[in-house]
Amino acid sequence: MSLGSGTSRRGRLLIGLLLAAVVLVTAGGVVISRLVGGPSPERAAAPAPTSATNTPAATPSSPPPPPGADITGPLNLLLVGVDTRVSVPGWEPHADAVLVLHVPRGLDRAYLFSLPRDLLVDIPAFPKAGYRGGRTKLTHAMSYGSRVPGRAKQPSAAQGYELLRSTVSGYTGLRIDAGAVVTFAGFDRLVDSLGGVDIHVDQRVASRHRQPDGRHRESAPGGYTGPQMVYEKGDRHLTGWQALDYARQRYIPGGDYSRQRHQQQLIRALVGKILDQGLARDPDRVQQVVGALSDTLIYVGGPKLIDVAYALGGLPTDRFTLVGLPGRSVGSGGGYRGEQFTSVGRRFLTELRAGRADAYLAENPSLRIKT
């Protein structure tokens with residue numbers, strides 16, 4: 001479903017809000033907090049995006065421009081998922097899932113791809129956290145950057161995001177215009193508020209964390225014990241806890257690359273469900289969804305999210321492309337050091353920056369993730 005020219009301004013805004021909310025799903029978390037105004041719980045200064053152009057001030061006789069009218073693209077959003085232990089005092093947040101949403105100039109299509117948490121990258125020095133820089137796994141950029149000198153047990157997720165943003169920008173060559181850090185909390189409520197989600201399970205997935213009835217498995221030395229929830233291959237209808245659990249599993253064939261694929265497929269399915277339900281025509285349902293997610297936000301930076309949401313409001317779902325970048329393990333002295341993309345994966349980033357992503361995907365169709 002795409003938005004036609006007859007869609008009302010309010011309807012377009014509401015559908016944009018919901019689209020942006022689900023686009024910002026990462027590893028079982030959703031960013032949506034006071035999308036209709038108000039400060040986020042934690043905010044750090046972010047440079048103004050280069051993709052925006054100044055709009056002349058409205059005269060008394062002209063209507064004010066709609067939110068985000070000056071955002072024309074390209075737009076790059078950094079989406080970071082951290083595990084729930086971020087709520088434990090002193091726990092340094094790790095970037096458990098890192099996704100980038102690239103929307104080219106014109107805002108008529110989008111590409112979503114993941115960066116492995118163990119991707120070997122050069123992390124720049126970050127004096128604010130006392131970090132001198134080095135080459136290590138991407139996930140550590142978040143934890144190293146979160147350290148606040150003199151506050152050993154009070155890490156800052158917003159500060160950690162700053163270093164992660166710089167690291168991702170340096171690796172991909174993309175300017176990050178906005179971003180978010182989220183936890184798992186609230187994601188199941190979103191899915192349940194939509195009546196569940198339909199998704200094609202592309203491989204058998206046995207859960208490490210949940211039993212078939214949804215209860216958590218017992219922790220034991222070396223893992224977990226008890227019956228396991230199993231997601232069999234095929235078209236499935238998942239409830240909230242099932243969707244979250246399915247998207248978290250990485251101890252499966254394909255490892256973290258399979259988990260990245262499943263997360264992206266879930267995002268795409270949720271976007272489609274929100275659009276298909278026509279929530280833009282039901283403000284009460286919109287507020288219900290917003291209320292279900294009000295406690296999931298840790299950090300949002302860059303332009304106002306309501307502006308980004310409106311700017312993305314006309315994005316057709318059939319031009320929302322999921323991209324899986326192939327990689328391989330890197331070792332040293334017989335030990336595991338991390339992951340790195342193959343030449344095909346790295347070349348996609350080059351072509352994306354040059355505006356040739358569609359042509360490159362046509363030449364390498366295996367990079368497109370099927371939904």
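Start by selecting arginine 135, which sits in strand 5 (residues 134-137) of this predicted model. Neighbours within four places in sequence aside, arginine 135 has contacts with Leu120, Val121 and Asp122. Put a C-alpha to C-alpha distance on arginine 135 and aspartate 122: you should get 4.4 Å, for two residues 13 apart in sequence. Arginine 135 counts as partly exposed, with a relative accessibility of 47%.

Zoom out for a moment and colour by secondary structure. The protein chain has 10 helices and 16 strands. Of its 371 residues, 54% are buried. Take the contacts with a separation of 6 or more: 68% of them join residues 24 or more positions apart. If you switch on the surface, you're looking at about 16200 Å² of accessible area, 50% of it from carbon and sulfur atoms.

Next, go to strand 1 (75-81) and pick asparagine 76, which is found there. Is asparagine 76 buried or exposed? It counts as buried, at 4% relative accessibility. Show what surrounds asparagine 76: beyond four places in sequence, its contacts are Leu101, His102, Leu174, Arg175, Ile176, Asp177 and Ala178.

Now for the largest nonpolar core. Show Phe113, Leu115, Leu164, Val168 and Phe348 as spheres; out of 38 residues in this core, these touch the most other members. To see where the rest comes from, highlight strand 1, strand 2, strand 3, strand 4 (120-123), helix 2 (139-145), helix 3, helix 9 and helix 10, each of which gives the core at least two residues. Helix 3 supplies the largest share, 6 residues.

Keep Phe348 selected and look around it. With neighbours up to four places away left out, phenylalanine 348 is in contact with Phe113, Val323, Leu325, Ala357, Tyr360 and Leu361.

Phe348 also belongs to the buried set of helix 9 (residues 343-353), together with Gly345, Leu349, Glu351 and Leu352. Look down the axis of helix 9: these residues span an arc of only 170°, which puts them on the same side of the helix. What do the buried residues of helix 9 pack against? Their partners are strand 2 (97-103), strand 3 (110-115), helix 3, strand 14 (320-323), strand 16 and helix 10 (357-363).

Follow the chain out of helix 9 and stop at glycine 355, just after the helix, where phi is positive at about 80°. Then step on to alanine 357, in helix 10. Alanine 357 is buried, with a relative accessible area of 4%. Its contacts, not counting residues up to four places away, are Tyr111, Phe348, Glu351 and Leu352. For a long jump in sequence, draw a C-alpha to C-alpha line from alanine 357 to proline 104: they're 253 residues apart along the chain and 9.9 Å apart in space.

From the list of helix 9 partners, take strand 14 and click on threonine 321, which is found in that strand. Threonine 321 counts as buried at 11% relative accessibility. Once you set aside neighbours within four places in sequence, threonine 321 is in contact with Ala110, Tyr111, Leu112, Leu361 and Arg368.

Time for some rings. How many aromatic pairs does the structure hold? There are 4. One to centre on is tyrosine 171 with phenylalanine 341, a tilted pair with 6.3 Å between centres and 50° between planes. Tyrosine 171 comes from helix 3 (residues 157-172) and phenylalanine 341 from strand 16 (residues 335-341), so the pair ties together parts 170 residues apart in sequence. Both of these residues, tyrosine 171 and phenylalanine 341, are buried.

Stay on tyrosine 171 and add arginine 346. That arginine lies over the face of the tyrosine 171 ring, 4.6 Å from its centre. Then select arginine 208 and tyrosine 251 for another such arrangement: arginine 208 lies over the face of tyrosine 251, at 4.3 Å from the ring centre.

Last stop: helix 5 (residues 240-248). Here 8 of the 9 residues are buried, so helix 5 is largely enclosed by the rest of the structure. To see the buried ones, select Gly240, Trp241, Gln242, Ala243, Leu244, Asp245, Tyr246 and Ala247.

Notes: Residues are numbered from 1 along each chain as its sequence is written. This is a predicted model: local features need pLDDT of at least 70, side-chain atom pairs count only at pLDDT 80 or more; totals for chains, interfaces and linings use all residues. Side-chain values use heavy atoms; hydrogens and water are left out. Rings of Phe, Tyr and Trp (its six-membered ring) pair if their centres lie within 6.5 Å; planes under 30 degrees apart count as stacked, over 60 as edge-to-face and the rest as tilted. Helices (H or I, at least four residues) and strands (E, at least two) are DSSP runs, numbered from the N terminus. Buried means under 20% relative accessible area, exposed over 50%, partly exposed in between (1.4 Å probe, protein chains only). A charge sits over a ring if NZ of Lys or CZ of Arg is within 6 Å of the ring centre and within 35 degrees of the ring normal. The arc is that of the directions from the helix axis to the C-beta atoms. Contact means heavy atoms within 4.5 Å. Accessible areas come from the Shrake-Rupley method with a 1.4 Å probe; for residues, only the protein chains shown count as cover. A nonpolar core is a set of buried Ala, Val, Leu, Ile, Met, Phe, Trp, Tyr and Cys residues joined through side-chain atoms within 4.5 Å.
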